[in-house]
Amino acid sequence: MSAPGRSSATGSTVVSPDGTRIAFRTNGDGPPLVLVHGTTADHARWAPVLPAFERHFTVLAVDRRGRGGSGDAEPYAVEREFEDVASVVDGAGGPACLLGHSYGAMCALEAALLTENVERLVLYEPPLGMVGAPPEIVRRLEELLAAGERDELVGLFMAEVAGAPPEQVELMRSLPAWQARLAVAHTIPRELRSEGAYAFDAARFSELHVPTLLLRGDQSPPAFAAAAETAAAALPDSRLVVMPGQGHVAMDTGTELFTAEVLRFLGTRG
């Protein structure tokens with residue numbers, strides 16, 4: 001792996017324990033900050049917040065397995081994703097801050113049990129098995145995938161599962177990251193199935209003394225709020241911040257608010 005700490009974006013990889021190569025983009029200067037995106041995305045999802053973060057950190061923006069520059073393996077198991085994130089953290093060149101969004105936040109939380117190199121942890125609305133999709137929605141997503149209707153598939157996921165209102169979906173469609181979402185639309189059904197099977201066990205995290213910030217939007221669906229509050233109660237060194245006027249994609253809809261909360265917690269001034 002190439003060492004972090006450079007001033008122009010480069011691509012690097014680590015090899016996860018199952019042999020899958022996991023890619024990430026590195027940019028900025030300072031201590032490492034690992035970013036883990038959610039469903040329907042790749043590292044480009046973080047584009048709106050990178051300028052603020054890269055002023056303070058060497059940012060390692062991960063492509064989760066099955067997307068971007070990362071490899072994949074069958075059968076899919078979410079536990080391999082936990083290992084992927086821990087592998088990037090362990091290869092970051094020192095203690096790292098770790099930020100995950102949605103499904104990526106769940107992976108980041110579990111990864112923190114697999115490595116001793118997480119210095120601070122930021123989790124934005126991890127679903128924790130509490131944000132499920134009805135079987136009929138999953139079936140409809142699979143039908144759209146089979147028909148090649150990826151734009152409709154991603155839009156349906158955003159509206160019916162992520163709870164994004166129509167104006168937010170249209171905003172996301174206008175951003176460069178939308179094309180990356182379409183490219184990985186085939187990963188959505190498998191992640192929904194894995195998410196539904198995941199059972200959060202608070203007792204497993206009782207000794208995780210990593211300072212943790214839980215973020216949620218006050219406009220997000222109730223299940224996301226419940227999951228964030230459950231995680232905050234389970235983690236011994238955590239605090240929960242509710243972002244006013246925001247839903248599940250504050251990186252896009254409240255960029256300055258989101259980055260300010262993260263940077264404040266990580267010990268910098270935005």
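A residue counts as buried when its relative accessible area is under 20%. This cut-off applies throughout the report, which concerns a predicted model.

**Aromatic pairs**

A pair of aromatic rings is described by the distance of the centres and the angle of the planes. In this structure the count comes to 3 aromatic pairs. Two of them are set out below.

| Pair | Centre to centre | Angle between planes | Arrangement |
|---|---|---|---|
| Phe82 and Tyr198 | 6.4 Å | 80° | edge-to-face |
| Tyr124 and Phe258 | 5.6 Å | 40° | tilted |

The pair of Phe82 and Tyr198 is called edge-to-face because its planes stand at 80°, and the term applies to angles over 60 degrees. Phe82 belongs to helix H2 (residues 78-90), while Tyr198 lies in the loop between helix H8 (188-197) and strand E7 (212-217); the pair therefore ties together parts that are 116 residues apart in sequence. Phe82 and Tyr198 are both buried.

The pair of Tyr124 and Phe258 is tilted, with 40° between the planes. This pair also links distant parts of the chain, since Tyr124 is in strand E6 (residues 118-124) and Phe258 is in helix H11 (residues 255-265), 134 residues apart. Are Tyr124 and Phe258 buried or exposed? Tyr124 has a relative accessible area of 0% and is therefore buried. Phe258 likewise counts as buried, because its relative accessibility is 0%.

Another aromatic ring, that of Phe265, has a charged group over it: the charged end of Arg120 sits there, 4.8 Å from the ring centre.

**The surroundings of Gln246**

Where is Gln246 found? Gln246 is placed in the loop between strand E8 (238-243) and helix H10 (250-253). With a relative accessibility of 8%, Gln246 counts as buried. The side chain of Gln246 makes a polar contact of 2.5 Å with the side chain of Thr253. When neighbours within four places in sequence are left aside, the residues in contact with Gln246 are Gly217, Asp218, Gln219, Ser220, Thr253, Gly254 and Leu257. Thr253 thus appears both in this contact list and in the polar contact with Gln246.

**Strand E2 and its partner**

Strand E2 (residues 21-28) is mostly covered, as 6 of its 8 residues are buried. With which strand does E2 pair in the antiparallel sense? The partner is strand E4 (residues 58-62), and the pairing runs over 5 bridges. One residue may serve as an example: Asn27 has Val59 in E4 as its bridge partner. In a regular strand the side chains alternate between the two faces of the sheet.

**Backbone features in loops**

Three loops contain backbone features that deserve separate attention. The loop between E4 and H2 holds Pro75, and the peptide bond leading from Glu74 to Pro75 is cis, with omega near -5°.

Ser102 is located in the loop between strand E5 (96-101) and helix H3 (103-111). Although Ser102 is not a glycine, its phi is positive, at about 55°. Ser102 is also buried, because its relative accessible area is 11%.

Leu128 occupies a place in the loop between E6 and helix H4 (135-146). The phi of Leu128 is near 55°, again a positive value in a residue other than glycine. At 2% relative accessibility, Leu128 is counted as buried too.

How values were computed:
Residues numbered from 1 in each chain as written. Predicted model: local features only at pLDDT ≥ 70, side-chain atom pairs only at ≥ 80, totals over all residues. Heavy atoms only, no water. Helix = DSSP H or I, 4+ residues; strand = E, 2+ residues; numbered from the N terminus. Buried < 20%, exposed > 50% of the residue type's maximum accessible area, 1.4 Å probe, protein only. Polar contact = N/O pair within 3.5 Å; in protein donor to acceptor, adjacent residues only side chain to side chain. Contact = heavy atoms within 4.5 Å. Phe/Tyr/Trp six-rings, centres within 6.5 Å; stacked < 30°, edge-to-face > 60°. Lys NZ or Arg CZ within 6 Å of the ring centre and 35° of its normal. Pairing = 2+ DSSP bridges.
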